[in-house]
Amino acid sequence: MSDIIKISNYIKPFRKTIRIEGDKSLSIRWALMASQAKGKSTCYNLLKSEDIISTLNCLKKLGIKVKIKKDKCEIYGNGLNSFNLKEKITLDAGNSGTLARLLPGLLVHSKKKIIIKGDKSLSKRDFYRIVKPLEKFGASLKTKKGKLPMTIEGTKFPKPITYFEKKGSAQCKSCIMFAALNTKGTTTIKAKKSRDHSELLFKYLNLPIKVIKTKKHDIIKLNGKKKVRPFNYRIPSDISSSAFFIVLTVLSNKSSLVIKSVNINPTRIGILKILKKMNVNFIIKNTKVLNGEKIGDLHIFSSQSLRPINCPTNFNTAAIDEFLLIFLIAARANGISTFKNLSELNQKESPRLKWGSKLLNKIGIKNIITSDSIKIFGNPNLIVKKKIVIKDFDKDHRVFMTSVIAALTFGGNWKIYDKNSIKTSFPSFLRKIKDLGANIN
Ligand code: S3P
């Protein structure tokens, strides 16, 4: 079957209520944490994407029983540090940076050498960021100049560490937290602010964690070697997947959309804060707390008169996966927008800051890019008429989906490659877009 799609029509006005698939970060964290509990943990609305399948397959290889049922997933953990380790197991993390960076935290104690590999895109990404703290715990790690494949051999007696996580990487922070869970004593992490799902999960499970919040950093203190109880969990909808539908609605004509039960954890809603400043019209209703995570229904409306933004850099980590989409809003805004301190964006599944600039060039929006910033010269009257081809983007799911949104809202004749990339995070993306009336071949 062809892996190329073609779009040559704007999406027609729509008014609908939809549900988006489960959150990717939470799904991976649930599975990894459940593997450390003794007994059966059950999860509802687990995201069934390739990143999660890779997670479950890695756990199975480590001797964990996993049952996927129609409406739920069950994991039968054997307790802390009780993976069934054979000599030289190779774990395939596929495309998932979150899996490849969090799982090694749980291996800090492993008696055998374990190899972690990934696909082409994951093999280009930086792993020094987790090698350094895990070595401090006492584990031995070997990489190819900081890249996968990585061999990890744990230590019999990991030592608790004090670590300063400066990148604002939730993956790095969570890796250290999982290692701390398996380590006797108190580990202290001073972390630049980033998504706090791991902290909330530790709290939800009554594990001994203390978080002190300062303006720029969180100080996390964790006591390890405490039993994890098996637990039931429901995953809310993913704000990063919802973001494609938010931006589609904003940029479409006379449309409105309700997205039910979305995770609106404050450390994930950078996109909403940025869009609010850009004069986007939305409201949040029915807010509540589910398993320690805030959720709510998002009501989004087509928005005219979009304002440019000089984006405050303290929004960056909470919007890190949404910048390609935010750049589309800036393309339609009435003036020049600037986004700074975004070098981490080039560390994703593809160099996304560069791809943001390429996409804008393709639709005829002037932009100036440096290694960590972009200036976008918005044009509220932009109508694209030419042929546009999007390919060779390292199969980055977010580049593919952002291109679809641009095609449906700016016009032009688009040919977009690698549609299977959506399986990474959002397998039902195209079906849901078509359900709103989009004409995609
Ligand atoms: C994630 C953290 C972010 C994000 C990724 C998921 C997580 O990466 O980009 O999609 O689940 O912890 P970094 O921690 O590298 O910024």
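Okay, one bit of vocabulary before anything else: when I say helix or strand, I mean a DSSP run, H or I over at least four residues for a helix and E over at least two for a strand, numbered from the N terminus. And please keep in mind that this is a predicted model.

With that in hand, let's start at helix α10, residues 352–362. Just after α10 comes Gly 364, and its phi is positive, near 85°. Which residues of α10 are buried? They are Arg 352, Leu 353, Trp 355, Gly 356, Ser 357, Leu 359 and Leu 360. So an arginine, Arg 352, is on that buried list along with the leucines. As for what sits over them, the cover includes two helices, α9 (323–332) and α11 (397–410), plus the strands β19 (367–369) and β20 (374–377).

Now let's zoom out to the chain. You're looking at 12 helices and 22 strands. For 441 residues, a compact globule would come out with a radius of gyration near 22 Å, and this chain has 21 Å, so the two agree. Along the principal axes, the C-alpha trace spans about 65 × 45 × 45 Å. Buried residues account for 51% of the 441. If you take contacts between residues at least 6 apart in sequence, 76% of them join residues at least 24 apart.

On to the domains. The assignment gives domain 1, which is 5–22 + 236–435, and domain 2, which is 24–225. Their C-alpha centres are 29 Å apart. Where they meet, 23 residues of domain 1 are in contact with 24 residues of domain 2. The domain 1 side of that contact has two nonpolar, 11 polar and 10 charged residues.

So where is the ligand? It lies between the domains, because domain 1 and domain 2 both give residues to the shell around it. If you want to click along, that shell is Ser 25, Thr 98, Ser 169, Ala 170, Gln 171, Ser 174, Ser 194, Arg 195, Ile 320, Asp 321 and Glu 344. Sorted by class, that's two nonpolar, six polar and three charged. Helix α5, residues 170–181, gives the largest share, with three residues.

Next, the insides. The largest nonpolar core has 73 residues, and Val 247, Ile 329 and Ile 405 have the most contacts inside it. Setting aside residues up to four places away in sequence, Ile 329 touches Val 247, Val 250, Leu 275, Met 278 and Leu 306. Apart from that core there's another one, with 64 residues, including Trp 30, Cys 43, Leu 107 and Ala 179.

Let me finish with two buried strand residues. Leu 298 is in strand β17, residues 293–301. Why do I call Leu 298 buried? Because 26 other C-beta atoms lie within 10 Å, and 20 or more is what it takes. Beyond its neighbours within four places, Leu 298 contacts Ser 242, Ile 246, Ile 259, Val 262, Phe 282 and Ile 284. Ile 259 is 39 residues apart from Leu 298 along the chain, yet their C-alpha atoms are separated by 5.1 Å.

The other one is Met 150, in strand β9, residues 147–153. Met 150 is buried too, with 24 other C-beta atoms within 10 Å. Leaving out neighbours within four places, Met 150 contacts Ile 116, Phe 127, Leu 141, Lys 142 and Thr 143. With Ile 116, the separation is 34 residues in sequence and 5.2 Å in space, C-alpha to C-alpha.

That's me done, thanks.

Technical notes. Residues are numbered from 1 along each chain as its sequence is written. This is a predicted model: local features need pLDDT of at least 70, side-chain atom pairs count only at pLDDT 80 or more; totals for chains, interfaces and linings use all residues. A residue is near a molecule or strand if its C-beta atom, placed from the backbone, lies within 6 Å of it. Ala, Val, Leu, Ile, Met, Phe, Trp, Tyr, Cys and Pro count as nonpolar, Asp, Glu, Lys and Arg as charged, and the others, Gly among them, as polar. Domain bounds come from an automatic or database domain assignment. A nonpolar core is a set of buried Ala, Val, Leu, Ile, Met, Phe, Trp, Tyr and Cys residues joined through C-beta atoms within 7 Å. A residue is buried if 20 or more other C-beta atoms lie within 10 Å of its own, exposed if 12 or fewer, and partly exposed in between; C-beta atoms are placed from the backbone. Two residues are in contact if their C-beta atoms, placed from the backbone, lie within 7 Å. The radius of gyration is taken over C-alpha atoms; the globule rule is 2.2 Å times the number of residues to the power 0.38.
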